[in-house]
Every structure is written in C-alpha cells, then in structure tokens.
Amino acid sequence: MKRLTKKLMAGTFAIGLALVSATGAASADSSEPIKIPIKNWSSQIVMAHVIGGMFESMGNNVEYVPVDNQASFEAVRVGDITILQEVWQSTMQNAYYNAMEKGGLIDAGTHAAETLEEMGVPNWVIEQGLCPGLPSWEALKDCSAAFATPDSGGKGRWLEGPQSWHGEVMPNRIKGLGLDDTWTVKFAGGADALWTELEAAKKEGRGTVIFNWTPNFTDASGFTFIEFPEYYDGCRIADGGTMDTTGCGSPKGWLKKGAFWKFPKTHPNAYRAFSQLSFTTPQIGSMAALVDVDKMTHEDAAKKWLADNEDVWKPWATSVLGEGN
Ligand code: TMO
C-alpha cells in the first residue's frame with residue numbers, strides 16, 4: 001500500500017513536471033490573493049473584475065480592495081494592493097512617478113488606448129448655439145451666463161470630477177486663463193453626478209460644462225472636449241508652472257499599468273498575463289457602457305465582457321515565457 005502510494009505520488013509529480021515544462025513556467029503562482037483596486041469610475045471597476053476573472057481562469061485567487069485614487073499609489077508601493085490597471089496620465093502621472101521614485105511600484109506596461117481627461121460639453125450644447133465659438137476655449141469669455149446654476153453665484157459653472165482625481169488643476173486653469181471673474185469650478189461627489197448632470201441639463205435645455213474623459217461610454221453618445229492652450233510638461237502649477245502657464249489644457253496622454261515590485265516573483269504567470277494585457281479605446285468604452293448605458297452591475301458587466309471577448313484576453317492568460325514577452 002505504501003509502495004503504491006509512493007508510486008502514484010511519483011507519477012503525479014512527473015505529470016506535474018511535464019505540465020510545468022509544457023507551459024514553460026519556471027514556478028507556480030502563490031495561492032495568496034492578487035489584490036485588485038476598486039476606484040470610483042465605471043471602466044476602472046469593470047476592468048478590475050475583467051482582470052480578476054482572467055486571473056481566476058488561470059487558477060489564481062483574487063481580492064478586490066476599495067481604495068481612494070490618490071492613496072492607491074502608496075498602497076501599491078507597499079503591497080497593500082498588487083496592481084494598478086488604469087493609470088491616467090493627466091490625473092495620475094505625478095502620484096505614479098513619485099511612488100516609483102520612492103520604490104516599490106513598477107511600470108507594468110501601457111494600454112493601446114490614448115487618453116484625454118478634459119472639460120467639455122455634450123454635442124447638443126454646440127448644436128443649440130449655447131456658446132458660439134466652441135470648442136475653442138476663447139468662446140467661454142462671452143457665454144458664461146448660459147452656464148450659471150443655483151450654486152454658482154451668477155457665474156458659469158464647470159462641474160469638475162471629485163477632487164481626489166485632479167486636485168486644483170481646474171480652479172487654477174480658470175485663473176490662469178483669466179476666466180475666474182465669470183466662471184467657477186464645483187467638484188462632483190462622484191462620476192454618477194456627472195452623468196446625472198448631463199441628463200438634467202438636456203431635459204431642462206440648459207448649457208452644461210462637465211469634466212469627462214476618453215475612453216468612456218460618451219465616446220459613442222456625442223461629447224466634445226473644449227480645446228485649451230496646448231499642454232506641455234511643467235505648465236501646471238503642481239509641476240512647477242506659474243499663473244501664466246497653468247491655463248494649459250490636459251495632455252493627450254497614455255494609460256499605464258503598474259504593479260507591486262514583488263508581483264512578478266510571487267505570481268510569475270499572472271504577472272506575465274498582466275504585463276501583456278492591453279486594452280483599446282473601444283474595449284474600455286464598452287466596459288463603461290455596460291454599466292452606465294446598459295445599467296448592469298460591474299460584476300455582471302465584467303462577466304459579459306469576458307464571455308464576449310475571449311479572443312482578446314485568452315491569449316494573455318495562456319501566454320508562455322518566450323512568446324512575445
Ligand atoms: C480618472 N478619470 C478617468 C475618471 O479621469
């Protein structure tokens with residue numbers, strides 16, 4: 001009996017070895033959960049569950065960790081979360097590179113999608129002539145009255161995202177452009193408040209200027225970003241700029257991934273898949289649309305997205321060392 005068990009065990013071990021060499025993996029992933037951050041906009045949350053589903057298909061354990069956007073860069077640096085799946089250049093490059101400089105955060109590659117995070121208007125604001133001259137920012141000098149709200153003290157209102165995304169970038173922008181006599185910035189409590197405002201303004205037939213971004217579900221529904229003076233590195237006050245330069249617009253930027261530096265060691269297979277993963281603008285827009293247009297839960301949206309897009313993500317999950325890596 002003992003002999004038989006030993007033989008069986010030896011056989012199992014041999015099969016295990018064969019599997020390992022067939023996939024080319026030097027070692028198996030730890031069973032410790034991969035900790036994936038949950039923030040407060042739709043594509044980020046759906047993508048968290050898409051990536052989590054991919055990891056689970058590979059036999060990994062995952063845990064979802066709600067985290068404040070700015071705090072997430074320190075959290076990943078010290079390993080409280082394992083990955084960052086959406087690092088947007090305009091709102092997050094400083095936190096990203098600061099954490100990297102301190103040590104503990106590594107660059108895990110760049111998505112195919114180009115990004116823009118900028119103030120803008122739904123297309124019908126332009127079509128109805130509520131601010132002639134848009135999308136040039138100079139048009140704002142003469143149309144603020146059409147964008148006043150009960151909370152704006154008679155000025156035109158920009159509805160910015162939550163302050164945890166952008167800090168003082170937009171209030172500084174208004175001052176830098178000399179628009180602060182006629183325009184003011186209010187911060188939304190969350191992304192949903194931006195979409196609620198879009199619907200309310202349309203119903204009431206009034207103008208609205210909101211913060212928005214691409215990739216997003218609004219790529220398909222008609223949204224125009226305002227064209228500000230061109231961005232360059234250092235133009236913003238937080239980056240060493242002055243009142244003369246901080247009127248610059250947002251960069252047409254990158255969308256990066258990041259990881260805790262130990263992730264490639266503890267979970268070599270999951271890390272390899274994550275480093276290869278790259279989403280396009282329509283792919284990320286569709287993740288957001290499943291929630292914000294189709295009103296699915298984030299979890300169901302991710303399940304549907306994974307089922308509809310196996311040809312996109314399965315190659316990353318089954319990739320082996322030496323193939324495109
Ligand atoms: C960080 N965001 C994409 C919501 O601007």
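Me: Hi! How many bridges join β3 to β10, and which way do the two strands run?
Reply: Hello! In this predicted model, four bridges link β3 with strand β10 (residues 255-260), and the two run antiparallel.

Me: Which residue does Val87 stand opposite in β10?
Reply: That would be Lys256.

Me: And what is the strand order in that open sheet of three strands?
Reply: The order is β3-β10-β4, and the pairing is antiparallel. β3 (83-88) and β4 (105-110) stand at the edges with a single partner strand each, so one side of each has no neighbour in the sheet. On average, neighbouring strands here are turned by 30° against each other, ignoring direction.

Me: Nice. Now the open sheet of five strands: what's the order there?
Reply: Going across, you meet β7-β6-β8-β5-β9, with mixed pairing. The edges are taken by β7 (183-187) and β9 (223-225). Each of those has a single partner strand, so one of its sides is left without a neighbour in the sheet. From one strand to the next, the twist averages 40°.

Me: Which strands of that sheet run parallel, and which antiparallel?
Reply: Let's take β8 as our reference. Strand β6 (residues 156-160) runs parallel to β8, joined by two bridges. Strand β5 (residues 116-122) runs antiparallel to β8, and five bridges join that pair. β5 is also antiparallel to β9, with three bridges between them.

Me: Can I have some residues to look for? What are the bridge partners of Leu159 and Met119 in β8?
Reply: Sure! Leu159 has Ile210 as its bridge partner, while Met119 has Phe211. For the β5 and β9 pair, find Val121, which stands opposite Thr224 in β9.

Me: Is β8 largely enclosed or open, and why?
Reply: β8 (residues 209-214) is largely enclosed by the rest of the structure, because six of its six residues are buried. Buried here means under 20% relative accessible area.

Me: Which way do the β8 residues point?
Reply: Val209, Phe211 and Trp213 point one way, and Ile210, Asn212 and Thr214 point the other way. Both sets are buried.

Me: Why that alternation?
Reply: Side chains in a regular strand alternate between the two faces of the sheet.

Me: Last one! Which strands does helix α8 lie across, and at what angle to β8?
Reply: Helix α8 (residues 191-204) lies across β5, β6, β8 and β9, and runs at about 120° to β8.

Methods. Residues numbered from 1 in each chain as written. Predicted model: local features only at pLDDT ≥ 70, side-chain atom pairs only at ≥ 80, totals over all residues. Heavy atoms only, no water. Buried < 20%, exposed > 50% of the residue type's maximum accessible area, 1.4 Å probe, protein only. Pairing = 2+ DSSP bridges. Axes fitted to C-alpha atoms, helices over the stretch in contact; angles between N-to-C directions. Contact = heavy atoms within 4.5 Å.
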